Amino acid sequence: MSKIAADPSHPRYQSLLMRHRLEEAEKKGMLAGSALIAHGRGEAFDYLLGEQTIPSALIATQQALALLSSANHPVISLNGNVVALAGKEVLHLAHQLKCPVEINIFYRTPERMEALLGHLNEIKLREELDVEILGAEPDARIPGLEGPRANCSKRGIFDSDVILVPLEDGDRCEALVAMGKTVLVIDLNPLSRTARMASVTIVDELSRVITNMNKMLLSDKVAQPGDNYQNAQCIQEALTHIATFLSSEG
Ligand code: PTJ
């Protein structure tokens, strides 16, 4: 890591750290060709949010965690960016929730699957975590999707009732909702189709969300899912936050 990125007191430390993690993942062959473009779009929205967890995102995070904690078959779906940016933190979350993770990538190749599985298994061993890592041998398909991106595990995504899918694409989010699942997404873009399709949309940066969830679990701050939770209102509050930021800059 460069000197600047290694210094936690640097004002851009978190952002540089995330970029560094992506660079390392790229070298290991874990990422899709468009991974850095997707990250750049996320960074632009994060800038507009003030690179912070806004109050409505925290409410959505609490609701998502409550739903995961009370689910019968929860699962966390992982793609290349998620494993690169927060692989360790996500495995700790799955360990605490006692749920499996499943690698389910949009641009699926055997080489990428091997690199991602290898990376996660290394973390799991090092951190001594008890987490089932699915995805190597898909034996089911998500109905309504074409090609390899529909492949999934019966015991994981296919049979899940509540699924956390950070950085999801709109089509797959829609297909998972159509399967009757409660779909929880993390997406910095409140205007994306994914954000609008999901049951719970956390408009926040992935690594901040997972860290918040782990802290809530460690401090026993997990409530029951709220009956009055309004996803559209959380999305609207993110848009209002961005609009206020832009008008104050103009
Ligand atoms: O590993 P694969 O093959 O599954 O591919 C993963 C990517 C992310 C490349 C693929 O799913 C893709 O192209 O995604 P999109 O359609 O560009 O959507 C990514 C969304 O995630 C965008 O709306 C970004 O704003 C958002 N995003 C990017 N980085 C972050 C983020 N949201 C939260 N935290 C981030 N760090």
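**Exercise 1. Work out the order of the strands in the open sheet, and say why β3 and β8 each have one side without a neighbour.**

Step 1: Reading across, the six strands of this open sheet go β3-β2-β1-β6-β7-β8, with parallel pairing. Strands here are DSSP runs of E with at least two residues, helices are runs of H or I with at least four, and both are numbered from the N terminus. Two strands pair if DSSP finds at least two bridges between them.

Step 2: Now look at the ends: β3 (133–134) and β8 (200–202) sit at the edges with a single partner strand each, so one side of each has no neighbour in the sheet.

A quick note on the model: it's predicted, so local features need pLDDT of at least 70 and side-chain atom pairs 80 or more, while totals for chains, interfaces and linings use all residues. Numbering starts from 1 along each chain as its sequence is written, and side-chain values use heavy atoms, leaving out hydrogens and water.

**Exercise 2. Find the bridge partner of Glu102 in β3.**

Step 1: Start with β2 (residues 101–103), which runs parallel to β3 and is joined to it by two bridges.

Step 2: Pick out Glu102, and you'll find Leu134 as its partner in β3.

**Exercise 3. Which polar atoms lie 2.9 Å from a nitrogen atom of the ligand, and how much of the ligand does the protein bury?**

Step 1: Go to the side chain of Glu205, where an N or O atom is 2.9 Å from a ligand nitrogen. That's a polar contact (a pair of N or O atoms within 3.5 Å).

Step 2: Alone, the ligand exposes 750 Å², and the protein buries 93% of that (Shrake-Rupley method, 1.4 Å probe).

Key. A polar contact is a pair of N or O atoms within 3.5 Å; within protein, one must be able to donate a hydrogen and the other to accept it, and residues adjacent in sequence count only if both atoms are side-chain atoms.
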